[in-house]
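Work through the exercises below with the model open beside you. Try each task before you read its solution.

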Amino acid sequence: MEKTLVLLKPDCVSRALVGTVIKRIEESGLKIVGCKMIQLSAKILAEHYAHLADKPFFPRIVEFMGSTPVVALVFEGENAVQVLRDVCGATDSTKAGKGTIRGDLGKDIQENLIHASDSAQAAQVEITRFFSPNEIFAYGKRK
């Protein structure tokens, strides 16, 4: 079974869409094996978005993602990364298809409600960035 990371972003939390988004992901067949609400520090944001550090919009992303707590989740299932990315839709909500989380509920490229790992390798790195091993469960049982 593959695992993947989800961050429900500040716009998801402030617009009270956390339950709606989680329900849509669960309806895809993925199971929650880790969940917590956290305030992202400048250090973890710099690490998580290091690949964008040279972009002009980097400071805006860091400010946005640190503006309120986020909900971090780990989902597990067959082809979890691809299933989740299909459920999310394109990063730019204005270009995401109808029936996807971003297409139906997002506003734009930044206020797109959700971060999802883009590969199995990225998911492994991101999960360890946000969760310790004892915070990941196997369908209700501690691994």
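The exercises cover cysteines, a pocket, a charge over a ring, and backbone angles.

This is a predicted model, where local features need pLDDT of at least 70, side-chain atom pairs count only at pLDDT 80 or more, and totals for chains, interfaces and linings use all residues. Residues are numbered from 1 along each chain as its sequence is written, and side-chain values use heavy atoms, with hydrogens and water left out.

**Exercise 1. Count the disulfides, then check C35 and C88.**

Step 1. Take the rule: a disulfide is a pair of cysteine sulfur atoms within 2.5 Å. The count comes to 0 disulfides.

Step 2. Look at C35. The nearest cysteine sulfur belongs to C12 and is 11 Å away. C35 is partly exposed, at a relative accessible area of 48%. (Buried means under 20% relative accessible area, exposed over 50%, partly exposed in between, with a 1.4 Å probe and protein chains only.)

Step 3. Turn to C88. Its nearest cysteine sulfur is that of C12, 10 Å away. C88 is buried, with a relative accessible area of 1%.

**Exercise 2. Describe the largest pocket.**

Step 1. Set the terms. On a 1 Å grid over the protein atoms alone, a pocket is an open set of points where a 1.4 Å probe fits, with protein on both sides within 12 Å along at least five of seven lines; lining residues have an atom within 4 Å of a point. The volume is the space filled by probe spheres set on the points.

Step 2. Read the volume: about 590 Å³.

Step 3. Find the centre. The pocket has 24 lining residues, and Y49, H51, L52, T91 and H115 are the closest to its centre.

Step 4. Find the elements, which are DSSP runs: helices (H or I) of at least four residues and strands (E) of at least two. Two or more lining residues come from each of α3 (42-48), α4 (58-65), β4 (114-116) and α7 (120-130). The largest share, 4 residues, is from α4.

**Exercise 3. Find the charge that sits over the ring of F131.**

Step 1. The test is NZ of Lys or CZ of Arg within 6 Å of the ring centre and within 35 degrees of the ring normal.

Step 2. K36 lies over the face of F131, 4.8 Å from the ring centre.

**Exercise 4. Compare A16 and L113: what is phi in each, and is each buried or exposed?**

Step 1. Most residues other than glycine have a negative phi.

Step 2. A16 has a positive phi of about 55 degrees. A16 is in the loop between α1 (10-14) and α2 (18-27), and is exposed at 65% relative accessibility.

Step 3. L113 also has a positive phi, near 75 degrees. L113 is in the loop between α6 and β4, and is buried at 0% relative accessible area.
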